[in-house]
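Work through these exercises with the model open beside you. Try each task before reading its solution.

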There are 2 protein chains.
Amino acid sequence: MNDKHLLASDFKLTILGSSSALPTSERNPTAQVLNIRERFFLIDCGEGTQIQLRKYRARLGKINQIFISHLHGDHFYGLFGLLSTFSLLGRKHPLQIFSPPGLKKILLQVFTSTQDGLSYPIEFNELKNAAPEWIFENDFLKVMAIPMKHRIACYGFKFTEKEHLYNLNKSAIQQAKLTIPEIHAARSGEDIVRENGRIIPNKQLILGRRKARTYVYYADTAYHDEWISEVAGADLLYHEATFLEEKKDFAHQTGHSTTLQAAEFAQKAGVAKLIIGHFSSRYKNLTPFLEETQSIFPHVELAEDGKSFEIPCKWEE
Amino acid sequence: MNDKHLLASDFKLTILGSSSALPTSERNPTAQVLNIRERFFLIDCGEGTQIQLRKYRARLGKINQIFISHLHGDHFYGLFGLLSTFSLLGRKHPLQIFSPPGLKKILLQVFTSTQDGLSYPIEFNELKNAAPEWIFENDFLKVMAIPMKHRIACYGFKFTEKEHLYNLNKSAIQQAKLTIPEIHAARSGEDIVRENGRIIPNKQLILGRRKARTYVYYADTAYHDEWISEVAGADLLYHEATFLEEKKDFAHQTGHSTTLQAAEFAQKAGVAKLIIGHFSSRYKNLTPFLEETQSIFPHVELAEDGKSFEIPCKWEE
């Protein structure tokens with residue numbers, strides 16, 4: 001792992017759509033892209049997502065995983081166009097899609113009927129877990145699917161960096177004359193045990209390491225804190241807030257949340273920062289969303305199409 | 001018919017998308033809306049069409065007919081979102097969709113799988129005609145489907161106003177003491193035959209009438225003049241020109257046209273004005289499209305997202 005790549009901008013979320021089911025001329029349906037080290041993880045894919053991805057300069061060829069929360073149209077109708085575009089661009093490498101069951105059948109029907117064969121394979125991963133479960137990992141990231149409380153099967157997603165390696169204290173390393181395998185062990189946080197029984201405590205060899213960062217996407221859902229321990233301490237939380245508090249009953253009926261519910265959840269989970277979004281098209285002015293949420297949880301921002309949120313690197317204390 | 005409604009803006013085409021299969025950040029996939037007397041006729045419906053319709057202030061509740069040229073995704077992937085939106089807005093009145101066969105199956109699969117029932121009925125009209133055929137009419141308009149020459153079944157559409165009624169010469173009407181049925185007959189262009197055998201020639205009773213206007217949408221297609229007589233004399237023609245002339249062979253292979261082919265067709269058909277569009281995303285600068293086409297047919301404009309074209313009222317000569 002090369003620390004040169006760990007810049008402040010290497011964990012950046014961009015909102016591609018902040019509207020709920022009915023888009024407006026300013027707010028597209030839901031989609032977000034998480035850029036971690038120039039790998040782009042797409043979260044939901046409402047209509048127009050491919051246009052938004054181009055507009056905000058995501059690299060289409062670097063999207064290899066798409067996470068779809070649920071099969072309401074405003075969260076996946078952009079897939080048809082995006083997957084076709086991948087094909088028209090000559091993509092060969094596989095694409096992984098994670099979603100509740102049913103998506104494969106829809107996509108096959110559409111692509112078969114239109115005689116648009118795709119140039120690359122899709123690996124469909126159907127989510128059926130009733131409790132939080134890790135569903136993906138690569139060399140630097142793990143993703144968990146967390147069941148939401150919505151009208152149909154729906155999952156939130158937790159994106160967590162894997163533990164970073166420790167930076168080494170070079171003079172201590174040289175003094176102790178560490179071998180290559182010992183250096184790898186030290187970077188991973190292990191004490192070094194020599195053949196003669198001598199132990200070099202890890203703390204003598206290292207300077208510290210960066211904290212693993214976590215982003216949680218929590219939508220669409222009514223207020224739902226059964227799995228809140230999985231969200232605890234996250235650096236960044238997106239929680240839907242489709243309605244203002246006055247529509248609390250209607251929010252509950254439709255499987256959505258209000259401002260105060262998002263705020264209460266963020267506060268209980270002790271996250272560093274909250275983004276609210278998925279705003280109902282009935283609201284033109286979003287200032288009341290911000291004000292209501294801030295009354296409980298001050299570290300909140302509104303989702304806006306094109307807005308980015310970076311989680312900067314920090315060192316462990 | 002009330003002539004007050006026949007303003008210059010009562011036959012207006014708005015381009016919602018001017019790109020071919022791959023959209024760009026400036027050009028959406030194909031869609032157009034034809035506003036005739038505040039009734040909105042949608043022609044093709046690429047991804048993002050509902051956003052474009054809102055942006056350019058088409059009245060969604062006044063769209064009752066949608067004409068889909070063919071089942072390549074860039075011409076209909078916007079239907080899923082648009083039809084859902086109609087439903088979310090509480091639409092009750094039926095929607096007519098005209099398209100080559102296969103669309104119904106796709107839409108039913110999507111709406112069934114997502115458990116998104118629609119609040120209104122759809123009347124699917126499958127086009128199978130091998131020669132031009134009238135497929136729709138109302139009190140002021142007729143629409144013809146014209147087979148194109150593309151890789152899959154594809155139709156262009158001709159929108160023609162019905163013949164207008166004649167304006168009456170009021171003093172001649174009073175002098176002749178026309179009855180109400182005679183007035184209707186005169187407006188329709190008939191001579192009046194009295195019981196005593198006296199004939200009042202229509203020309204003595206009328207002042208003239210407005211010309212019926214015609215717009216033809218001709219895409220996607222390779223050069224194809226088999227049905228050019230149906231396009232002859234149109235006020236406005238949209239002809240696809242996916243490629244510059246240098247890509248003539250590739251255009252032919254893929255069932256598309258070049259600038260010069262669009263120009264040649266417009267010239268042979270003797271239309272008043274030509275719009276070219278469906279530009280390949282490989283071209284950033286469209287000026288060469290305009291220049292090449294103008295070298296054969298001067299009355300040409302480029303399709304641009306958001307651009308409108310009005311066909312003004314004219315009197316018959």
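**Exercise 1. A sheet in chain B**

What is the order of the strands in the open sheet of 7 strands in chain B? Work it out, then find the edges.

*Solution.* The model is a predicted one. Step 1: read across the sheet. The order is β6-β5-β4-β3-β2-β1-β18 in chain B. The pairing is mixed. Step 2: look at the ends. β6 (122–126) and β18 (308–310) of chain B each have a single partner strand, so one side of each lacks a neighbour in the sheet. Step 3: check the twist. Ignoring direction, neighbouring strands of this sheet are turned against each other by 20° on average.

**Exercise 2. One strand pair**

Determine the sense in which β4 and β5 of chain B pair, and over how many bridges.

*Solution.* Step 1: recall the options. Strands of a sheet pair through backbone hydrogen bonds, in either parallel or antiparallel fashion. Step 2: apply this to the pair. β4 (residues 63–67) and β5 (residues 95–99) of chain B pair in the parallel sense, over 3 bridges. Step 3: find a facing residue. B:F67 stands opposite B:F98 in β5(B).

**Exercise 3. Two helices across the chains**

Describe how helix α3 of chain A and helix α3 of chain B are arranged.

*Solution.* Step 1: choose the descriptors. Two packed helices are described by the angle between their axes and by the distance between those axes. Step 2: take the values. The axes of α3 (residues 103–113) of chain A and α3 (residues 103–113) of chain B come within 9 Å and cross at roughly 170°. Step 3: classify. Angles over 145 degrees count as roughly antiparallel, and α3(A) and α3(B) are therefore roughly antiparallel to each other. Step 4: list the contact. α3(A) contributes A:K105, A:I106, A:Q109, A:V110 and A:S113, while α3(B) contributes B:K105, B:I106, B:Q109, B:V110 and B:S113. Step 5: sort these residues. They divide into 4 nonpolar, 4 polar and 2 charged.

**Exercise 4. Relating the copies**

Find the rotation and shift that superpose chain A on chain B.

*Solution.* Step 1: superpose. A rotation of 180° with 0.0 Å of shift along its axis does the job, at an RMSD of 0.1 Å. Step 2: interpret. The two copies are thus related as by a two-fold rotation axis. Step 3: compare surfaces. The same surface serves both copies, as 100% of the contact residues of chain A recur in chain B. Step 4: locate the axis. A:G48 is the residue of chain A that comes closest to the rotation axis, with its C-alpha at 2.6 Å.

Definitions and conventions: Residues numbered from 1 in each chain as written. Chains lettered and ligands numbered in written order. Predicted model: local features only at pLDDT ≥ 70, side-chain atom pairs only at ≥ 80, totals over all residues. Axes fitted to C-alpha atoms, helices over the stretch in contact; angles between N-to-C directions. Helix = DSSP H or I, 4+ residues; strand = E, 2+ residues; numbered from the N terminus. Parallel < 35°, antiparallel > 145°, perpendicular 65-115°, else oblique. Contact = placed C-beta atoms within 7 Å. Nonpolar A, V, L, I, M, F, W, Y, C, P; charged D, E, K, R; others polar. Pairing = 2+ DSSP bridges. Least-squares fit on C-alpha atoms with pLDDT ≥ 70 in both.
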